[in-house]
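Reader: I should be grateful for a close look at one part of this model, namely the enclosed spaces inside it. Please explain the terms as they arise.

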Amino acid sequence: MRDYLKGYDPLKTESGHEEGTSRRGFIKLLTTAGAGLTLGIHLPSIAAKASETAGAPFSPNAFVRIGADDTVTIVIKHLDMGQGVTTGLATIVADELDADWAKVTTEAAPANAKEYNNLLFGPVQGTGGSTAIANSFMQMRYAGAKARSMLVNAAAKVWEAPIDKIVVNQGVISHQTTGKSATFGQMAELAALQNVPTDEQITLKSPEQFTLIGKTGTPRKDKGKSNGTAVYTQDVQLEGMLTALVAHPPAFDAKVVSFDSTAAKQSPGVVDVVQIPTGIAVIATDFWSAKVGRDKLTIEWDRSAFKKNTAEMKAEYTALANKPGLSARNDGDASEVLSKAKTVVEATYYFPYLAHAPMEPMNCVILADSDKAELWYGAQLQTIDQVSVATVLGLKPQNVSINTLFAGGSFGRRGNPKSDYVVEAAHIAKKLPNVPIKLVWTREDDMRAGYYRPMYVHKIRGSLDADGNIEAWEQRIVGQSIAAGTPFEQFMVNGGVDASSVEGSSTLPYAIPNFSVQLHTVTSPVPVLWWRSVGHTHNAFSTETFFDELAYTAGKDPVEFRAALLKNHPRHLGVLKLAAEKAGWGTPLPEGRGRGVAVHESFNSYVAQVVEVTVKNGQIQVDRVVCAVDCGVAVNPDIITAQMQGGIGFGLSPALMSEITLQDGAVVQSNFHDYLVLRETQMPEIEVHIVPCAEAPTGVGEPGTPPIAPAVANAVFAATGKRLYDLPMKLS
């Protein structure tokens, strides 16, 4: 943690002389400056108490700290993995505080669920589900407003002025009548003596009073990422630190039969080789020595437990999709209506396993002994990781401290309720107490022994009446449960239905009288985890492409067909119409080009996208994406735009090229040469339009991803007349 008061003497100026703008000098200034201003009866008690806390920063709550040097430090309780939450949360506090943005700095919160819990998760500190801003908006507003109130109250007492005559602007507190002013730093110690107001005593700003929220051009507070000063796990260097790599099973559910570490231990730089529950760990003085040593291990594995291939799993899933499953939603009687309908459309969709593939693979630094443990890494679920590490080391969770660093992406991978790589680090540290250990996973490790977006198969049947209206919709989904066997199961799984498997389908907003969604949950040793936008990744594709197919079967325009069934959902309708208008929906395109649309709600945000593609020689090129988003109050419009762009790029990878396949129970892909992701040169032109909205802010990290793949597929149909049901899309 950055100690900005280190070496600072509050009784001396930078030149070493007393007074000036120091606390003592400030008190003297207040008692002698202009128009006979005195502290009167307040001076002795205030001055005495202030002298007792000389140099201590003003910390009215767990999120704000103001130092004598005017620095405003805002504590960020959520992991910043590239989504811009550092800037977003700082913006909220600074606006209510009326701080000088140039003097605002940030630091990551310690692991402390009591102070920094995610209110939308329960009593857990963590980041995920695009909840950071939604969870913290009011909390951070009150944090800033309370600090401002205490500064104002202190100034009013010092200047013997009515509170309504004190104004705050850009980190300066002023008295309107006399023109006297003080900076935050000068008033900080006296403000610390004021009573902390309750929420009921605070009046928050109205939207028209915002100076930072909703404004473009606000410099980001994570700019260290672009100049190399940001600290990631790989940057951590502790005295005597060793690096560990683990040889993981070559196939899922494989077990170590025996291993020979003789050659590995003789390899230069290797310090030790130990067996842990997930494999064989090689510990060395540096990464390369550990890798070379790991390559020299001789391990016999029992791979008999699981030897399936992707093709046979897909066939099993497809067979299940033809049978009734557990009900996730049932309006009317879709099965009965379908059995009698004259016009029935049906389609079966396939979605492969997907890797998260963040640019920074998994890593963690740990130092542990018999009494405590300290960790440094991009922690996404601090509370759960604390418990997991404590369990391995036989400690109390409160004796496990976590320093949350920036993360080079996550997309759900670091938010693992099983704390996989963190637990691995703890097991290694247990073998080598009092030795700092940096656990590093290579790209190949995470690609072949990590966690994955589950594989899914969907089957949908729909019917149209004589007027081309949808009269019935029946959808069956087959896939693994992400929540099963985790602490989240108790509130994510209801009646055997994992909400994350059906989200986006069971919540489909279209006014369809007979509507059924069913789920088959399968078990497999392939470890699964939420992946950016979770169930919406596959449900948005199947529902929006199938809806498009029904529209064309009915001979109706896809946008108009959607709009007619969204009359009771104004926010869906708003983004749909905005995207269509900005994209020039209905205007002609050259031969070989097509335009498609999709609209979807996820994480309480509404996104519509219109896509233009060119299809040539069997290849799909995405040319243009027009995106409209309604995410409530737009805290940082620039970041919202960036997240929509990033979510679109992320979603184009599985739409066009990414997939994880299995052969004999093992992952085939290993790195970016065979797990393909979108390159910068393949990014389309993207326009983002933000709907003005006064509703509470909602997530933007994930909602940009679900609509892109179905919009592309619908555009491909418009260009070629061919429907694509499997991802990634292939025309040949």
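Author: A cavity is a set of points, on a 1 Å grid over the protein atoms alone, where a 1.4 Å probe fits but cannot get out. The model is a predicted one, in which local features need pLDDT of at least 70 and side-chain atom pairs count only at pLDDT 80 or more, while totals for chains, interfaces and linings use all residues. Residues are numbered from 1 along each chain as its sequence is written, and side-chain values use heavy atoms, without hydrogens and water.

Five cavities of 30 Å³ or more are present in the structure; a volume is the space filled by probe spheres set on the points, which are joined across faces, edges and corners. The second largest cavity encloses about 100 Å³. It is lined by 13 residues (each with an atom within 4 Å of a point), and those closest to its centre are Thr537, Gly651, Pro654, Ala709 and Leu727.

By class, this lining consists of eight nonpolar, four polar and one charged residues. Here Ala, Val, Leu, Ile, Met, Phe, Trp, Tyr, Cys and Pro count as nonpolar, Asp, Glu, Lys and Arg as charged, and the others, Gly among them, as polar.

Helix 17 (536-553) and helix 20 are the elements that give two or more residues to the lining of this cavity; helices are DSSP runs (H or I, at least four residues), numbered from the N terminus. Helix 20 supplies the largest share, three residues.

Helix 20 itself covers residues 637-656, 20 residues in all. From first C-alpha to last, helix 20 reaches 29 Å, close to the expected 28 Å (1.5 Å times one less than its number of residues). Helix 20 is also mostly covered, with 15 of its 20 residues buried, that is, under 20% relative accessible area with a 1.4 Å probe, protein chains only.

How values were computed: Buried means under 20% relative accessible area, exposed over 50%, partly exposed in between (1.4 Å probe, protein chains only). On a 1 Å grid over the protein atoms alone, a cavity is a set of points where a 1.4 Å probe fits but cannot get out, and a pocket is an open set with protein on both sides within 12 Å along at least five of seven lines; lining residues have an atom within 4 Å of a point.
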